[in-house]
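This report covers strand pairing, nonpolar cores and salt bridges in one protein model. The structure comes first, followed by the description.

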Amino acid sequence: MKKLYIASLLAFLILLPQSGSAETIQFGSYCTHCHTKANAHAPIGVMGDHRHRKGEWMVSYRYMRMHMEDNRDGTDDLSPVEIATTVPNRFFGTPMQPSTLRVVPLEMTTDMHMFGAMYAPSDRITLMGMVNYIDREMDHVTFQGGAGTTELGNFTTETSGFGDVGLSALIGIYENETHSVHFNAGTSIPTGSIDERDDVLAPNGMRPTLRLPYAMQLGTGTFDLLPGIIYTGHHNNMGWGAQYKARFHLGNNSQGYSRGDKHQITAWGSYAFRPWVSGSLRFTAETESEIDGIDSEIVAPVQTADPDNYGGESISASAGLNFLIPNGILKNHRFSIEATLPVYQDLNGLQMKRDHMVTLGWQKSF
């Protein structure tokens, strides 16, 4: 799968239009920057897809809900009973830790509110910032004692708060009347909490307050690099594009670990049924490494406490609608929706599976 990512990226770079003359590079001079059609922007699930004319601002709000349910080790599905009776606990041997996992996550919901702003100091460069507010809930079942299949009960852990702040510069490198290419040079500032705690139901029936596993934390705890490159094309009512982006974590955080580096390639096509409404179809391939290091305070007989049980490879499909309001009090406001379903998941160790994701968005330029 990793070879597929590299080959796809190389093919993407080779197929980019070549800028043979300076006359074709007149940044901000054609329809992609005029924003006159609903599909002049990429689907709402794609970040940093377009630039703006000099002096132009854009503000945006996105709401994303992601749902995860049931468990898988690699590509093999496992039931809660199978996990509780057969999967070893990496912390076995430390006090109060059974030999197998006795707490099993059942489902998880993440609600993310994303507030963004863009400003173009020139036709070639657009600056972008984003702040996230996150709500997470994870439901679990606890099995009694150190063995057997007797269920002790269910419990839910919750976290909420601001996540990491993202800052980027979108730098144009090529455009003509049909095609546009720009780099995304970004960084993530570690403003999200990585020491969230909540009450849990332990296999011995007690309800201690513990530091929650990595999946429930709100940030990475590290400064991250966010490089990327994006190509977009438009002709008549058709739109299309592709994006490669990555996330590289710089060193370990204050708790002694670093989240896994991530690479993602996405490609889409869109069609404007009318200037004010368009539909889109998008495919995304992603790979993420396991966590490097360990938080010494995250110790529990649950899969999410094991840093090796993070990351993997996945492919997903998304369908969306985009609306550009033509008149009235909301004239030139953009509203979008996109639904995403998994197509393929090969996970690093035992994890919950992605079930579905929905993204809603609003954008306004001025």
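A residue counts as buried under 20% relative accessible area, as exposed over 50%, and as partly exposed in between. The model is predicted.

**Salt bridges**

By that scale Arg247 is partly exposed, because its relative accessible area is 24%. Its salt-bridge partner is Asp224, with the closest N and O atoms 2.9 Å apart. Asp224 belongs to strand S10 (residues 224–235) and Arg247 to strand S11 (residues 238–249), so this pair ties together parts that are 23 residues apart in sequence. Asp224 has a relative accessibility of 0% and therefore counts as buried.

Twelve salt bridges are found in a search of the whole structure. Three of these are set out below, each with the distance between the closest N and O atoms.

| Salt bridge | Closest N and O atoms |
|---|---|
| Arg211 and Asp295 | 2.9 Å |
| Arg211 and Glu297 | 3.6 Å |
| Asp224 and Arg247 | 2.9 Å |

Arg211 forms a salt bridge with Asp295. Arg211 is in strand S9 (residues 209–211), whereas Asp295 is in the loop between strand S15 (292–293) and strand S16 (312–324), so the pair links parts that are 84 residues apart in sequence. Both partners are buried: Arg211 has 11% relative accessibility, and Asp295 has 1%.

Glu297 also forms a salt bridge with Arg211. Glu297 lies in the loop between S15 and S16 and Arg211 in strand S9, so this pair ties together parts that are 86 residues apart in sequence. Glu297 is partly exposed, at 42% relative accessible area. Through shared partners, salt bridges join Arg197, Arg211, Asp295 and Glu297 into one network.

**Strand S6 and its partners**

Strand S6 spans residues 165–175; eight of its eleven residues are buried, so the strand is largely enclosed by the rest of the structure. S6 pairs with strand S4 (residues 125–143) in antiparallel fashion through six bridges. In this pairing Met130 stands opposite Gly166 of S6.

S6 is also antiparallel to strand S7 (residues 179–189), and ten bridges join the two. S6 and S7 make a hairpin, with three residues between them. Across this hairpin, Leu170 stands opposite Asn184 in S7.

Is Asn184 buried or exposed? Asn184 counts as buried, because its relative accessibility is 14% and the cut-off for buried is under 20%. The side chain of Asn184 makes a polar contact of 3.4 Å with the side chain of Ser168. Leaving aside residues up to four places away in sequence, Asn184 touches Ser168, Ala169 and Leu170, together with Met128, Leu226, Pro227 and Gly228.

**Nonpolar cores**

In soluble globular proteins, nonpolar side chains tend to be buried together. Which residues of the largest nonpolar core touch the most other members? They are Met108, Met138, Tyr214 and Ala305, in a core of 21 residues. Apart from this core lies another one of eight residues, including Ala84, Val87, Val104 and Phe143.

Contacts of Met138, not counting residues up to four places away in sequence, include Pro105, Glu107 and Met108. Met138 also touches Phe155, Thr156 and Thr157, as well as Ala215 and Met216. Thr304 and Met352 are further contacts of Met138.

Methods. Residues are numbered from 1 along each chain as its sequence is written. This is a predicted model: local features need pLDDT of at least 70, side-chain atom pairs count only at pLDDT 80 or more; totals for chains, interfaces and linings use all residues. Side-chain values use heavy atoms; hydrogens and water are left out. A nonpolar core is a set of buried Ala, Val, Leu, Ile, Met, Phe, Trp, Tyr and Cys residues joined through side-chain atoms within 4.5 Å. Buried means under 20% relative accessible area, exposed over 50%, partly exposed in between (1.4 Å probe, protein chains only). Contact means heavy atoms within 4.5 Å. Helices (H or I, at least four residues) and strands (E, at least two) are DSSP runs, numbered from the N terminus. Two strands pair if DSSP finds at least two bridges between them. A polar contact is a pair of N or O atoms within 3.5 Å; within protein, one must be able to donate a hydrogen and the other to accept it, and residues adjacent in sequence count only if both atoms are side-chain atoms. A salt bridge is a side-chain nitrogen of Lys or Arg within 4 Å of a carboxyl oxygen of Asp or Glu.
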